[in-house]
Amino acid sequence: MPAPDKISFETPLHGEFGPVVRLIVGGIAARADFGFEAMDDLQLAVERLLAEAGSDGDVKLSFELRADGIRTRIGPLPEHEIAQALQDPEGAPGTLTLGRILSTVVDSYGVEESTDGHIVVRLEKLGRGGP
Amino acid sequence: MSTAKESGHPQLREDDRELLRRYHDLGDQSAREALVERHMPLVRSLARRYAGRGEPLDDIEQVGAIGLIKAIDRFELEREVALATYATPNVVGEIKRHFRDKGWAIRVPRALQELNAKMSSTIDRLTATLGRSPSIAEIAESLETTPEDVLEAIEVGSAYTTLSLSAPVGEDAADPLEAIGGEDEGFERSDDRAALAPALARLPQREREILRMRFEEGLPQTQIAEQVGLSQMHVSRLIRRSLTAMRDELD
């Protein structure tokens with residue numbers, strides 16, 4: 001099986017580049033033949049994670065176009081800001097946590113590595129080839 | 001854990017009241033400057049919503065600051081409403097006016113505007129025909145254009161949604177961005193900042209219901225769109241806009 005195609009880029013975290021990131025994620029999802037809704041889900045997941053990361057510094061996004069979908073890695077992200085929400089997807093009644101949002105719009109997510117108080121979040125979004 | 005009151009209108013903070021009194025009654029300019037400085041986080045939070053639309057964020061913040069100053073100048077102490085609540089529509093209005101005056105819309109190529117106008121109905125039609133969400137390539141083929149243009153047109157639509165804030169978005173025409181004016185209590189970050197309950201409660205009913213269907217019931221956009229009588233793309237944008245507005249309130 002050939003190695004998956006990989007795309008990665010770095011972007012400043014401040015909001016001016018949000019639409020650019022959406023456009024790139026959309027382009028990658030289109031290349032993977034995602035449906036509009038799956039593309040929109042992945043864009044939303046990336047957007048919400050970046051929104052939690054603050055507005056200072058840069059963040060790297062990498063994408064693997066796998067046979068069954070797209071694996072996305074986003075980091076470094078501030079651990080303190082994000083880890084708790086990710087560990088508690090349900091949250092208190094009546095709340096809407098980042099974990100809940102991610103578990104709705106992607107097929108799985110997790111923290112892939114943790115260094116120096118920062119984490120890399122991995123998102124798995126299945127496309128049409130997925131189960 | 002919350003930065004905003006759970007219900008009702010946030011009250012005017014005592015320290016704001018004292019500064020407003022010094023400025024309005026005694027003409028103390030330093031009090032006015034202190035008020036501006038205290039409430040600039042609100043301006044920055046609101047300005048960020050308009051970032052990436054062809055204007056530097058610093059410029060948008062400066063325009064928003066003018067709205068804040070106008071709010072401080074016009075504020076009447078008898079109002080009892082929190083200054084942040086009173087200032088929010090002033091700041092947003094000033095920013096919107098700025099974009100309107102700059103003629104942002106005409107910088108979007110006409111072809112993309114026209115493509116965007118067809119996008120929503122095309123996605124809904126293809127979804128019904130195919131029995132699943134259409135790919136970008138399928139949308140492009142249907143519209144006789146390229147996938148890249150489809151993506152750009154969708155993004156242009158998102159920009160319009162954010163900017164065309166005066167356009168009614170529902171039966172009550174309430175705009176969630178402007179409905180949220182309750183930032184108060186110093187904007188401190190709480191440890192539980194990703195839990196959006198208070199902000200959720202302040203969204204218009206329809207947006208709350210859409211979020212509930214999406215994130216509690218786990219319904220796909222297509223089903224939500226059917227139930228609330230909107231296009232799938234409109235549902236997508238309302239979800240994004242609501243989540244952004246709720247998150248901004250926590251900054």
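Helices, in the sense used here, are DSSP runs of H or I of at least four residues, and strands are runs of E of at least two, both numbered from the N terminus. With that in mind, begin the tour of this predicted model by selecting chain B, whose secondary structure amounts to 12 helices and 0 strands. Followed from the N terminus, its elements read α-α-α-α-α-α-α-α-α-α-α-α. Colouring chain B by burial would mark 41% of its 251 residues as buried, and among its contacts with a separation of 6 or more, 68% join residues that are 24 or more positions apart.

Staying in chain B, select residues 205-215, which form helix H10(B), together with residues 221-228, which form helix H11(B); the two pack at an angle of about 145°, and their axes are 10 Å apart. The crossing of H10(B) and H11(B) is right-handed. Showing side chains here brings up the residues that make the contact: Arg206(B), Ile210(B), Met213(B) and Arg214(B) on H10(B), facing Ile224(B), Gln227(B) and Val228(B) on H11(B). Sorted by class, the contact of H10(B) with H11(B) comprises 4 nonpolar, 1 polar and 2 charged residues.

Next, display both chains and turn to where they meet, with 34 residues of chain A in contact with 33 residues of chain B. On the side of chain A that touches chain B, at least two residues each come from helix H1 (18-31), helix H2 (36-52) and helix H4 (98-105) of chain A, and H2(A) gives the most, with 9 residues. That side of chain A divides into 15 nonpolar, 11 polar and 8 charged residues.

Now select the largest nonpolar core, which has 61 residues, and pick out Ala29(A), Leu42(A), Ala45(A) and Val46(A), the members that touch the most others. H2(A) supplies the largest share of this core, 10 residues. Centring on Val46(A) and leaving aside its neighbours within four places in sequence, one finds it in contact with Val21(A), Val25(A), Leu61(A), Thr72(A) and Ile74(A). Apart from this core lies another, of 25 residues, including Val43(B), Phe75(B), Ala82(B) and Ala87(B).

Finish in chain A with strand E1(A), residues 5-12, which is hardly covered, the count of buried residues among its 8 residues being 0. Adding residues 58-66, strand E2(A), shows the antiparallel pairing of the two strands, which are joined by 8 bridges. To look at one of these pairs in detail, select Thr11(A), whose bridge partner in E2(A) is Val59(A).

Technical notes: Residues numbered from 1 in each chain as written. Chains lettered and ligands numbered in written order. Predicted model: local features only at pLDDT ≥ 70, side-chain atom pairs only at ≥ 80, totals over all residues. Contact = placed C-beta atoms within 7 Å. Nonpolar A, V, L, I, M, F, W, Y, C, P; charged D, E, K, R; others polar. Axes fitted to C-alpha atoms, helices over the stretch in contact; angles between N-to-C directions. Left-handed = near helix turned anticlockwise from the far one by under 90°. Core = buried A, V, L, I, M, F, W, Y, C linked by C-beta atoms within 7 Å. Buried ≥ 20, exposed ≤ 12 C-beta atoms within 10 Å, placed from the backbone. Pairing = 2+ DSSP bridges.
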